[in-house]
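Thanks for asking for a second pair of eyes on this one. Here are my notes, in the form of numbered points you can check against the coordinates.

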Amino acid sequence: MAKKNPKVEIKDATNPYESMLARFDVAAKIIGLDEATHNVLKVPSKIVTVNLPIYMDNGTTKIFEGYRIIHSNILGPSKGGIRYSMMVDQDEVKALAAWMTWKCAIADIPYGGAKGGITCDPHKMSVGELERLTRSYTVAMADVFGENQDIPAPDMNTGPREMAWIVDTFSKIKREYIPGVVTGKPLHLGGSLGRTEATGRGVMVAANEAMKKLKMKPGTTKAAVQGFGNVGSYAAKFFEEMGIKVVAISDITGAYYNPKGIDIKKAMDHVYTHRKHLVDLKGSERITNEELLELNVDLLAPCALENQITHHNVHRIKAKLIVEGANGPTTSDADKVLQDKDIVVIPDILANGGGVTVSYYEWVQNRNGFYWSLDEVIKRADDSMIKAFGNCWEAATKHHQSMRIGAYIFALNRVANAIKSRGHF
């Protein structure tokens with residue numbers, strides 16, 4: 001399928017924004033993207049940075065830096081999650097916002113891309129401190145957010161609780177209840193059935209479509225899943241239901257390996273009911289996250305953090321198929337090595353698009369005031385993922401490129417055509 005990509009300069013492959021630009025530039029050169037459109041799409045359309053003074057439980061006031069970056073609203077209101085992490089910085093949020101633009105274009109939903117974040121360690125903060133931080137951030141972004149303007153969602157270390165605080169704060173500012181201002185809400189506040197497991201399920205659907213192309217049978221496939229949060233745990237669960245043997249999983253406490261297969265339901269019960277982490281998981285051998293990535297498996301699903309497959313370890317990757325549940329788990333300089341090794345990579349902007357797809361369904365349901373059954377949500381989302389996979393596979397095949405570059409080509413073409421139709425000045 002793939003041939004050598006056009007050469008582009010990579011300043012720092014571990015910088016997520018530089019890594020995104022490297023893939024963007026390759027796809028832009030292949031399709032002959034004109035200079036004006038290239039210049040519009042390579043930079044965000046809006047960057048908002050705020051300093052949030054928060055009263056802490058110990059009586060001190062601490063200043064937190066927050067971001068909201070809108071990469072594009074060409075296809076519709078911008079969409080993207082909010083993450084709480086000490087790793088949050090402007091380049092990371094810029095990359096995540098751009099990835100959301102491509103992700104929405106691939107999923108064929110009428111959204112542009114955005115992302116937000118606050119540099120903090122939520123694990124060292126009380127519920128009260130997190131609530132004050134979330135509400136302060138919402139007030140600061142009140143002119144940015146809007147159900148027809150910019151729609152946040154959960155991301156790393158945020159969830160339905162934080163989305164409920166945002167809805168409440170934003171609605172009080174606007175003097176009306178506006179559930180569609182965020183997605184990923186609790187069901188009783190207008191959330192959608194199927195949203196919690198949507199990203200993990202999308203990873204499974206993408207993996208299944210790739211396995212069909214590669215003639216891999218679920219019953220003889222071994223998989224390793226890095227990361228056992230919302231995305232990784234559900235991806236592993238759905239892999240198991242497909243008949244795939246999941247032999248390794250991991251979280252921040254380490255990785256856990258059993259060549260005979262791990263009981264994913266028991267692992268999820270262990271995490272969510274007992275310890276909140278995989279530590280002391282019975283029936284498994286403790287290994288490192290690095291060792292998990294290099295296991296002799298057929299399918300590898302990195303569902304944790306950015307920059308996990310790099311030039312340091314890519315030569316030791318043995319999987320035939322990599323399906324990226326996380327954003328940016330593979331650095332741009334590792335792509336060529338994987339390509340040379342004939343390892344097929346289903347990229348993040350395709351593989352983890354199930355979450356934003358069901359977020360879009362939540363937004364549609366909020367605006368219509370009518371809510372769908374779980375079966376209807378699942379069918380719509382699965383059909384959307386299958387169609388997106390087919391479009392990216394076709395683009396990759398047509399241009400003799402990897403699936404990652406095929407996905408970028410499809411997304412760039414769609415957004416570029418919208419820019420040309422709307423015009424810019």
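The points below cover salt bridges, an unpaired arginine, helix packing, backbone angles and one tyrosine.

1. A word on the source before anything else: this is a predicted model. Please read every distance and angle here with that in mind.

2. Let me begin with charge pairs. The structure holds 29 salt bridges, and I have picked out a few that you may like to look at. Arg68 and Asp150 form one of them, with their closest N and O atoms 2.7 Å apart. The two residues come from distant parts of the chain: Arg68 sits in strand β2 (residues 61-72) and Asp150 in strand β5 (residues 150-154), 82 residues apart. Both Arg68 and Asp150 are buried.

3. Next comes the pair Lys115 and Asp155, a salt bridge whose closest N and O atoms are 2.8 Å apart. Lys115 belongs to strand β4 (residues 112-119) and Asp155 to the loop between β5 and α5, so this bridge ties together parts that are 40 residues apart in sequence. How do the two partners stand in terms of burial? Lys115 counts as buried because its relative accessibility is 3%. Asp155 has a relative accessibility of 18%, and since the cut-off for buried is under 20%, Asp155 counts as buried too.

4. The third pair I would point to is Glu324 with Arg404, a salt bridge with the closest N and O atoms 2.8 Å apart. Glu324 lies in the loop between β11 (321-323) and α10 (332-340), while Arg404 is in helix α14 (residues 403-422); the pair links distant parts of the chain, 80 residues apart. Glu324 is buried at 0% relative accessibility, and Arg404 is buried with a relative accessible area of 3%. This pair also belongs to a wider set: salt bridges that share partners join Arg23, Glu324, Asp335, Asp348 and Arg404 into one network.

5. Now for a charged residue without such a partner. Arg195, in the loop between α5 (160-174) and α6 (198-214), is buried yet has no salt bridge. Which side chain of opposite charge is nearest to Arg195, and how far away is it? The nearest one is Glu362, at 5.1 Å, whereas a salt bridge needs nitrogen and oxygen within 4 Å. Apart from neighbours within four places in sequence, Arg195 is in contact with Gly184, Gly355, Val358, Ser359 and Glu362.

6. Helix α6 deserves a point of its own. The axes of α6 and helix α12 (residues 354-368) come within 7 Å and cross at roughly 130°, which makes α6 oblique to α12. On the α6 side the contact is made by Ala198, Thr199 and Gly202, and on the α12 side by Gly354, Gly355 and Val358. Two of these, Gly355 and Val358, are also listed among the contacts of Arg195. The crossing of α6 past α12 is right-handed.

7. Helix α6 packs against α13 as well, at an angle of about 45° and with the axes 9 Å apart. These two helices are therefore oblique to each other, and their crossing is right-handed. The contact involves Arg201, Gly202, Val205, Ala206, Glu209, Ala210 and Lys213 of α6, together with Ile378, Asp382, Met385, Ile386, Phe389 and Trp393 of α13.

8. If you check backbone angles, here are two places to look. Most residues other than glycine have a negative phi. Arg175 is not a glycine but has a positive phi of about 65°; this residue is in the loop between α5 and α6 and counts as exposed at 72% relative accessibility. His400, also not a glycine, has a positive phi of about 55°. His400 is placed in the loop between α13 (374-398) and α14, and at 44% relative accessibility it counts as partly exposed.

9. My last point concerns Tyr67 in strand β2, which is buried with a relative accessible area of 6%. Which residues surround Tyr67, leaving aside neighbours within four places in sequence? Its contacts are Val48, Thr49, Val88, Asp89, Gln90, Val93, Lys115, Gly116, Gly117, Thr119, Tyr137 and Met141. Among them is Lys115, which also forms the salt bridge with Asp155.

Notes
Residues are numbered from 1 along each chain as its sequence is written. This is a predicted model: local features need pLDDT of at least 70, side-chain atom pairs count only at pLDDT 80 or more; totals for chains, interfaces and linings use all residues. Side-chain values use heavy atoms; hydrogens and water are left out. Helices (H or I, at least four residues) and strands (E, at least two) are DSSP runs, numbered from the N terminus. Buried means under 20% relative accessible area, exposed over 50%, partly exposed in between (1.4 Å probe, protein chains only). Lys and Arg count as positive and Asp and Glu as negative; His and the chain ends are not counted. Contact means heavy atoms within 4.5 Å. Axes are lines fitted to C-alpha atoms, for helices over the stretch in contact, and angles run from 0 to 180 degrees between N-to-C directions. Angles under 35 degrees count as roughly parallel, over 145 as roughly antiparallel, 65 to 115 as roughly perpendicular and the rest as oblique. A crossing is left-handed if the near helix is turned anticlockwise from the far one by less than a right angle, and right-handed if clockwise.
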